[in-house]
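Visitor: Hi, I'm new to this one and would like a slow walk through it. Could you put it up for us?

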Amino acid sequence: MSASHGAPTFFIRDQRSFVTVWIEGHHKVHFPRLWTACVPEVREHLIEQRPEIFFLPAYVAHRGWIGARLDPGLDFDELADLSHDAYRLVAPRSLVQSLDQTEIQ
């Protein structure tokens with residue numbers, strides 16, 4: 001993890017980000033949030049079902065990312081699942097295969 005644009009950001013091999021956490025909010029919107037890569041179908045479903053938590057984030061929505069408010073009580077297991085899925089979306093195939101082998105054991 002390192003900072004990107006002043007926010008804690010998780011990178012794969014220091015190159016591609018897959019999760020960013022805006023603890024104090026972003027620009028003029030002041031609530032804690034997380035931005036993460038997301039499968040399109042999951043993103044659409046989450047935003048439709050819970051628009052009070054999930055939203056299209058500025059700057060990265062066009063790349064398939066989703067935003068999640070952290071203040072209304074997002075379930076941390078769900079947050080972990082989103083982050084895990086984001087890693088799998090962004091990581092090179094060799095790292096995903098290695099992860100798959102580790103999870104099977």
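Guide: Before we look at the strands, a word on terms: two strands are said to pair if DSSP finds at least two bridges between them. Please also keep in mind that this is a predicted model.

Visitor: Okay, so how many bridges join β4 to β6?

Guide: Five bridges join β4, which covers residues 33-37, to β6, and the two strands run antiparallel. Within β6, W65 is the residue that stands opposite A37.

Visitor: And what about β5 and β6, how do they run?

Guide: Strand β5, residues 54-55, is joined to β6 by two bridges, and this pair runs antiparallel. Here F54 has A68 of β6 standing opposite.

Visitor: Is β6 mostly covered or open, then?

Guide: Mostly covered, since four of the five residues in β6 are buried. For the protein chain as a whole, buried residues make up 37% of the 105 residues.

Visitor: Stepping back, what's the pattern along the sequence?

Guide: The protein chain reads β-β-β-β-α-β-β-α-α, which comes to three helices and six strands.

Visitor: New topic: where is D75 found?

Guide: D75 lies in the loop that runs between β6 (65-69) and α2 (76-90), and on the surface D75 gathers with D77, D81 and D85 in a patch of negative charge.

Visitor: Why does D75 count as partly exposed?

Guide: D75 has a relative accessibility of 41%, and partly exposed is the range between buried, under 20%, and exposed, over 50%, so D75 counts as partly exposed.

Conventions:
Residues numbered from 1 in each chain as written. Predicted model: local features only at pLDDT ≥ 70, side-chain atom pairs only at ≥ 80, totals over all residues. Heavy atoms only, no water. Patch = residues over 30% accessible without salt bridge, like charges linked within 9 Å, V, L, I, M, F, W, Y side chains within 5 Å. Areas by Shrake-Rupley, 256 points an atom, 1.4 Å probe, with all protein chains shown as cover. Salt bridge = Lys/Arg side-chain N within 4 Å of Asp/Glu carboxyl O. Lys, Arg positive; Asp, Glu negative; His and termini not counted. Charge placed at Lys NZ, Arg CZ, Asp CG, Glu CD. Buried < 20%, exposed > 50% of the residue type's maximum accessible area, 1.4 Å probe, protein only.
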